[in-house]
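Dear colleague,

Please find the structure below, handed over for your consideration. A summary of what was found in it follows.

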Number of protein chains: 2
Amino acid sequence: MQKIDTKTKILNAAEQLFAERGFADTSLRLITSQAEVNLASVNYHFGSKKELIQAVLARYLDVFAPALESTLQSLIDKQERIDQIQVFNCLIEPLLSLDSYRHQGTTVFLSLLGRGYLESQGHLRWYIMTNYGKVVSLFNHVVREANPHLSSEEIFWRLHFTLGSVVFTMGSSKALIDIAKADFNADVDIEGLIHRVIPFIAAGVSSPAK
Amino acid sequence: MQKIDTKTKILNAAEQLFAERGFADTSLRLITSQAEVNLASVNYHFGSKKELIQAVLARYLDVFAPALESTLQSLIDKQERIDQIQVFNCLIEPLLSLDSYRHQGTTVFLSLLGRGYLESQGHLRWYIMTNYGKVVSLFNHVVREANPHLSSEEIFWRLHFTLGSVVFTMGSSKALIDIAKADFNADVDIEGLIHRVIPFIAAGVSSPAK
DNA sequence: GTCTATATATAGATAGAC
DNA sequence: GTCTATCTATATATAGAC
């Protein structure tokens, strides 16, 4: 049994609860009792609940953003002509590697991302563009290369439709996986879900302009 | 100036605030001050915040569900072979008619739906299936007819991806429309957004099975 | 049905002993 | 760094006068 410091215990408990219940519905008392630490330690280590939320997200983004940048750069370096499906395949490994980084890391990260967008009234979007704008731009650029028939604006919208599919599904993935088990006797895990959603969004993004 | 009763004033204020800020972040005090009614009237008319949330959703679902059922039934009656894009076109009129039913009704409804799914930990899903299960099943049935190459399970997942695209985009539509204006000098309204998302989800849903 | 006043619970945050 | 105890604000909900 390794010793985990208080700061990490708080982050671990907070990310699970935030992902499951959302930010507003998760009190500091719930987090600290789950983490088995003292209530006051949250403010000591993080200053406020808002800063705790940022720290939880940053821990994932600091792993995910460089990983995605790396797979995208490999794709760019490898060949001239970039194929649509390859672009989205670039997401798979960085997303799934979060599952070995943290228990259920992929689901947690995507849930947090979705909740952050919907609950924070735009603050998260600003935070991500400010701190991780480089890889967002790179992803945009590569999608554009793969879809020369689409305008920047059309790509802007379609990438948001994509984001919606992914974060909404992952945000309810626990419930959906249970339903799939009950109704279809199907065992789906997060990896299976990602492999289902990639063809869906790839087809949507590269569909002919209206 | 027509006279609006207290109950309706509360519903009108609540739906706007719930759609913009989410359920947990919207207090009864905020609702009643916006509605210019007394705080105690919420409990008098609705019993509790939870029942108010249900009433807000029910007001939309009671309009939307029969309208969708009607357009789907027309499609079934009209012809033998059902085309994929026609199925999703069945959504357009029932969704847009909410905009004349209530100010920004389409956006509000889809925001509430998305937030309900993500914030209520499955209660809303149960509520919808219990009270409006008939039209959900009908929609599922028609999608299946239009996509005989897909299994029920595959359709189950793809319709959730679809739902995610729609509710996530609409839930942030105000911010996204602002960004589109700033970055692309594009004027997009809710109708334009729906006409953008329909081809996206239609392509995704009917894409070849993996 | 609508109001004031208040009961009751819970939230985030902090002071100060150890 | 960690604890107990507590401050302060705000939440939902209700009792009872009008």
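**Helix packing in chain B**

In this predicted model, helix α1 (residues 6–21) of chain B packs against helix α2 (residues 28–35) of chain B at an angle of about 125°, and their axes are 8 Å apart. An angle over 115 but not over 145 degrees counts as oblique, so α1(B) is oblique to α2(B). The crossing of α1(B) and α2(B) is right-handed.

On the α1(B) side, the residues in contact are B:Lys9, B:Ile10, B:Ala13, B:Ala14, B:Leu17, B:Phe18 and B:Arg21. They meet B:Leu30, B:Ile31, B:Gln34 and B:Ala35 of α2(B). Classified by type, this contact of α1(B) with α2(B) comprises eight nonpolar, one polar and two charged residues.

**Surroundings of DNA strand C**

DNA strand C is surrounded by 14 residues, of which A:Leu28, A:Arg29, A:Lys49, B:Thr6 and B:Asn38 are the closest. Of the atoms of DNA strand C that come within 4 Å of the protein, 59% belong to sugar and phosphate.

Two of the contacts involve phosphate oxygens of DNA strand C: a backbone N or O atom of A:Leu28 lies 2.8 Å from one, and a polar side-chain atom of A:Lys49 lies 2.9 Å from one. A:Arg29 instead places a polar side-chain atom 2.9 Å from a base nitrogen of the strand.

Helices α2 (28–35) and α3 (40–46) of chain A, along with α3 (40–46) of chain B, each supply at least two residues of the surface near DNA strand C. The most comes from α3(B), with three residues. By class, this surface has five nonpolar, seven polar and two charged residues.

Yours faithfully

Definitions and conventions:
Residues are numbered from 1 along each chain as its sequence is written. Chains are lettered from A and ligands numbered from 1 in the order in which they are written. This is a predicted model: local features need pLDDT of at least 70, side-chain atom pairs count only at pLDDT 80 or more; totals for chains, interfaces and linings use all residues. Side-chain values use heavy atoms; hydrogens and water are left out. A residue is near a molecule or strand if one of its heavy atoms lies within 4 Å of it. A polar contact is a pair of N or O atoms within 3.5 Å; within protein, one must be able to donate a hydrogen and the other to accept it, and residues adjacent in sequence count only if both atoms are side-chain atoms. Helices (H or I, at least four residues) and strands (E, at least two) are DSSP runs, numbered from the N terminus. Ala, Val, Leu, Ile, Met, Phe, Trp, Tyr, Cys and Pro count as nonpolar, Asp, Glu, Lys and Arg as charged, and the others, Gly among them, as polar. Axes are lines fitted to C-alpha atoms, for helices over the stretch in contact, and angles run from 0 to 180 degrees between N-to-C directions. Angles under 35 degrees count as roughly parallel, over 145 as roughly antiparallel, 65 to 115 as roughly perpendicular and the rest as oblique. A crossing is left-handed if the near helix is turned anticlockwise from the far one by less than a right angle, and right-handed if clockwise. Contact means heavy atoms within 4.5 Å.
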